[in-house]
Amino acid sequence: MHRKTLLASALAVLMVGSTAFVMAQDAPPPTPPASAHAAHGKDMHAATRRDGDHGHDMRQRGFDGQRGGVIGDLRGLERLYMQAGRSKELAALYNDVLAKSQDPRVRDYVYQHLARLQARPTNLDQAIATLRKGLDESLANEAKMRAEREQMRAAWQQHHGDDAMRAAQPPAGK
């Protein structure tokens, strides 16, 4: 009986220890104070995030690993316009970007933010129209890309089909 008690106690200690280890692994690392980010030259956005994520995700980085681009610049401008109390000027900025950019990601970002800006003073009809315009544009781009893929697939199949037929024919002249 003493052996069973000892074995049960050891098993309980092992389970409690492994549970504590698992919980320690799941806990997020402590975040350094925001001033440490500013002192090391990090951007203002990363220093002010409350959720512990310091902006090191793929959405905020280009494929070359650099921060910014059009969307990063827009975020910075949005923040500055808001701080300056000039948020009404953002609509002109968004319309200017829509006139200049053909990048679907940038255009989608701008449509979303323009609609959010338009919905603030309860102009929901204009916000809905903006989002619908963005949706129509995205659907048209998607259909165009699908058609291009199908055209490339057909060309590839035709090219490889011709090669297979030439390989199957006996050589002429022998």
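Which residue forms a salt bridge with Arg105? The legends below treat a predicted model, and the partner of Arg105 is Asp103.

**Figure 1. Overview of the predicted chain and its helices.** The chain holds 7 helices and 0 strands, and its elements follow the order α-α-α-α-α-α-α from the N terminus on. Of the 174 residues, 17% are buried. The accessible surface amounts to about 14,000 Å², with carbon and sulfur atoms contributing 60% of that area. When contacts between residues at least 6 apart in sequence are considered, 28% join residues at least 24 apart.

**Figure 2. The salt bridge between Arg105 and Asp103.** The closest N and O atoms of this pair are 3.8 Å apart. Arg105 counts as exposed, at 56% relative accessibility, whereas Asp103 is partly exposed, with a relative accessible area of 30%. The structure contains 6 salt bridges, and two further examples appear in Figures 3 and 5.

**Figure 3. The salt bridge between Arg107 and Glu137.** In this pair the closest N and O atoms are 2.3 Å apart. Arg107 belongs to helix 6 and Glu137 to helix 7 (residues 124-168), so the salt bridge ties together parts that are 30 residues apart in sequence. Arg107 counts as buried because its relative accessibility is 11%, under the 20% limit. Glu137, by contrast, is partly exposed, with a relative accessible area of 21%.

**Figure 4. The buried and exposed faces of helix 5.** Helix 5 spans residues 90-100, and its residues Leu90, Leu93, Tyr94, Val97 and Leu98 are buried. These residues lie on the same side of helix 5, because they cover an arc of only 135° around the axis. Helix 4 (69-83) and helix 6 (104-119) are among the elements that cover the buried residues. The face turned away from the buried side carries the exposed residues Ala92, Ala99 and Lys100.

**Figure 5. The salt bridge between Asp96 and Lys100 in helix 5.** The closest N and O atoms of Asp96 and Lys100 are 3.3 Å apart. The two residues are separated by about one helical turn, because they are 4 residues apart in helix 5. Asp96 is partly exposed, with a relative accessible area of 35%, while Lys100 counts as exposed at 65% relative accessibility.

**Figure 6. The largest nonpolar core.** This core has 13 residues, and those with the most contacts inside it are Leu74, Leu90, Leu93, Tyr94, Val97, Leu98 and Val110. Helix 4, helix 5 and helix 6 are the elements that give two or more residues to the core. Helix 6 supplies the largest share, 6 residues. Val110 touches Leu74, Tyr94, Val97 and Leu98, when residues up to four places away in sequence are not counted. In soluble globular proteins, nonpolar side chains tend to be buried together.

**Figure 7. The surroundings of His113 in helix 6.** His113 counts as buried, at 17% relative accessibility. Apart from its neighbours within four places in sequence, His113 is in contact with Glu78 and Tyr94. Tyr94 is also one of the buried residues of helix 5.

**Figure 8. A nonpolar patch on the surface.** Leu11, Leu14 and Met15 form this patch, and together they have about 330 Å² of accessible area. Leu14 lies in helix 1 (residues 2-26). With a relative accessible area of 58%, Leu14 is exposed.

How values were computed:
Residues numbered from 1 in each chain as written. Predicted model: local features only at pLDDT ≥ 70, side-chain atom pairs only at ≥ 80, totals over all residues. Heavy atoms only, no water. Patch = residues over 30% accessible without salt bridge, like charges linked within 9 Å, V, L, I, M, F, W, Y side chains within 5 Å. Areas by Shrake-Rupley, 256 points an atom, 1.4 Å probe, with all protein chains shown as cover. Salt bridge = Lys/Arg side-chain N within 4 Å of Asp/Glu carboxyl O. Buried < 20%, exposed > 50% of the residue type's maximum accessible area, 1.4 Å probe, protein only. Arc of directions from axis to C-beta. Contact = heavy atoms within 4.5 Å. Core = buried A, V, L, I, M, F, W, Y, C linked by side-chain atoms within 4.5 Å.
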